[in-house]
Amino acid sequence: MDEETRKALRTLPSVEELVSHPAAAGLLEHHPRSLVVDAVRAALEAARKTIMAAGAGAAGSGAPAQGGTAQAPAPAGAAAVTPEALLTQAAGLLESWSQPGLRRVANLSGVIIHTNLGRSPLAQRAIDRVVEVSRGYSNLEYDLEAGERGSREIHVDALLARITGAEAAFAVNNNAGAVLLLLMALASGREVLVSRGQLVEIGGSFRLPDIMRAGGVRLVEVGTTNRTRIGDYEAAIGPDTALLLRVHTSNYRILGFTEEVELSDMVELGHSRGLPVADDLGSGALESLDVFHGEPSVAASLRTGVDVVCFSGDKLLGGPQAGILAGRKEVIGRLRKHPVARALRLDKMTLAALEATLELYRDPELARREVPTLRCLNRTPDETAALAAQLQAAIERRCTDGFILEVDESIARAGGGSMPLMELPSHAVRIRFPEPPLPGGTPDRASSPTVSALDIELRRAPLPVVARVSQDSLHLDVMALDERDVEAVAESVAWAVARLVAAPDR
Ligand SMILES: *Cc1c(COP(=O)(O)O)cnc(C)c1O
């Protein structure tokens with residue numbers, strides 16, 4: 001370390017000096033002292049690293065500091081390291097620390113059931129029920145008639161059975177859990193036949209072969225990737241076979257020279273050999289709604305006589321995260337009694353939301369109107385055009401300088417492994433920037449922000465906005481946008497643009 005660096009480091013104030021500095025008074029008013037001390041330490045650490053990096057001749061802004069949950073951006077250079085500058089940094093850290101980790105965002109990606117964004121927003125009725133039931137005590141496991149211990153399943157099972165048309169039904173934590181439970185309950189230590197064309201991976205963490213291994217069952221792959229015939233299943237059945245499983249290839253399709261076995265043929269074969277047949281539908285469209293072009297419906301699957309089907313509560317159903325099992329009474333009873341069912345059980349908030357969501361399905365018209373996921377899937381191009389125009393106008397009321405705003409046609413997707421190839425005609429507000437100035441031209445601050453910089457700032461906005469970046473523009477697809485968020489999204493756009501204009505090379 002050279003003398004210059006040592007000198008610069010010595011000019012840094014101490015933690016104590018900073019905390020007792022007049023400029024720290026405001027911070028201490030709003031945050032506990034120990035947090036202010038942590039933030040000041042992080043800011044000092046970042047400054048120290050910057051000075052040392054500059055001293056070591058490292059080019060640029062230096063190594064980022066590890067300052068707690070958020071990193072303190074390094075100050076520009078030793079000259080900037082005044083107590084005031086350090087306290088400003090600390091204030092920024094305190095603000096970021098006081099934000100919740102899990103936050104609401106606006107989905108303008110054009111993917112309706114977006115797994116990374118929490119899949120399905122809940123219907124108002126479900127939200128109200130969650131609040132009501134979780135605010136105080138509830139009859140979660142208490143039979144109010146008998147005045148004694150009751151069952152938590154009773155609240156949704158009958159409703160589920162009625163809506164799916166199954167003899168019996170049962171809900172667990174998620175569909176991966178439902179698959180695991182049915183494998184363990186029906187085939188533990190034995191063989192399960194699955195077509196090679198159906199060995200899916202969903203969202204990077206649900207891989208069918210891994211779930212099988214975890215469930216202690218042996219996977220027997222049947223047929224080939226593109227073609228599987230009933231004879232392949234027949235040939236694969238042996239003394240150790242316990243179950244035939246069909247898996248919906250949620251997020252992909254095999255096109256071209258293909259052949260798949262009908263579920264009804266699998267059921268006929270399985271039952272003629274005394275074997276149960278299960279169907280993992282993934283999304284599970286309810287047949288009473290006709291919007292799910294080509295998605296296999298729960299009722300159609302059950303009509304084949306399959307023993308059990310399972311599907312997610314937060315995909316096409318538009319409810320809370322859950323895994324729903326529906327089928328023959330005897331089989332559902334076995335699942336319910338399995339020890340793992342206890343580990344996968346639903347909590348009261350989910351049960352409340354699921355019951356309220358299912359109630360809406362007693363009247364399909366009501367479900368279409370009230371379940372946000374269904375409402376978005378049913379949006380017509382006229383509706384998305386009007387919503388996009390509304391968003392465009394709301395943005396224009398706040399800021400117009402420096403970028404080009406237009407409404408464009410767009411393609412939205414259902415997401416959540418539903419209808420992967422289906423393109424939903426939609427509209428987007430498209431944000432473009434004028435061509436950057438030619439080399440040697442006058443630098444124009446407003447024209448330098450890039451699309452990806454805007455995308456980054458939008459995700460940092462008070463209401464973070466997740467948009468779609470294309471080469472030269474940012475698309476705000478309104479297919480999954482809640483009408484009530486139009487003004488807030490416009491506010492976030494104005495906020496992000498202001499940040500870009502203030503610091504175009506950020
Ligand atoms: C989505 C999906 C799952 C996993 O469901 P989660 O509710 O996310 O646990 C399992 N199988 C299929 C076919 C799916 O599409």
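## Exercises: charges, loops and burial

**Exercise 1.** Is Arg-227 buried or exposed, and which side chain does Arg-227 contact?

*Solution.* Keep in mind that this is a predicted model.
- Start with the number: Arg-227 has 17% relative accessibility. Buried means under 20%, so Arg-227 counts as buried.
- Next, find its place: Arg-227 sits in the loop between β9 (218-222) and α10 (230-236).
- Last, the partner: the side chains of Arg-227 and Glu-259 share a polar contact of 2.5 Å.

**Exercise 2.** Decide whether Pro-239 and Ser-297, two loop residues, are buried or exposed.

*Solution.*
- Pro-239 is in the loop between α10 and β10 (241-247). With a relative accessible area of 84%, Pro-239 is exposed, since the exposed class starts over 50%.
- Ser-297 is in the loop between β11 (277-282) and α12 (298-303). Its relative accessible area is 9%, so Ser-297 is buried.
- One extra detail for Ser-297: its side chain reaches the backbone nitrogen of Ala-300 at 3.0 Å.

**Exercise 3.** Work out which parts of the chain the salt bridge between Glu-483 and Arg-379 links.

*Solution.*
- First the pair itself: the closest N and O atoms of Glu-483 and Arg-379 are 3.3 Å apart, and the two form a salt bridge.
- Then the places: Glu-483 is in the loop between β18 (473-477) and α20 (486-502), while Arg-379 is in the loop between α17 (372-377) and α18 (381-396). These distant parts are 104 residues apart.
- Now the surroundings: Glu-483 is partly exposed at 38%, whereas Arg-379, at 11%, counts as buried.

**Exercise 4.** Find the residues that are linked with Arg-430 in a network of salt bridges.

*Solution.*
- Begin with one pair: the side chains of Arg-430 and Glu-406 meet in a salt bridge of 3.5 Å, N to O.
- Place them: Arg-430 is in strand β15 (residues 424-432) and Glu-406 in strand β14, 24 residues apart.
- Widen the view: the network links Glu-406, Asp-408, Arg-430, Arg-432 and Asp-472.
- Step back further: the count for the model comes to 38 salt bridges.

**Exercise 5.** Which residues gather with Glu-268 in a patch of negative charge?

*Solution.*
- Locate Glu-268: helix α11 (residues 263-272) holds this residue.
- Check the accessibility: Glu-268 has 59%, so Glu-268 counts as exposed.
- Name the neighbours: Glu-260, Glu-262 and Asp-265 join Glu-268 in the surface patch.

Notes. Residues are numbered from 1 along each chain as its sequence is written. This is a predicted model: local features need pLDDT of at least 70, side-chain atom pairs count only at pLDDT 80 or more; totals for chains, interfaces and linings use all residues. Side-chain values use heavy atoms; hydrogens and water are left out. Helices (H or I, at least four residues) and strands (E, at least two) are DSSP runs, numbered from the N terminus. Buried means under 20% relative accessible area, exposed over 50%, partly exposed in between (1.4 Å probe, protein chains only). A polar contact is a pair of N or O atoms within 3.5 Å; within protein, one must be able to donate a hydrogen and the other to accept it, and residues adjacent in sequence count only if both atoms are side-chain atoms. A salt bridge is a side-chain nitrogen of Lys or Arg within 4 Å of a carboxyl oxygen of Asp or Glu.
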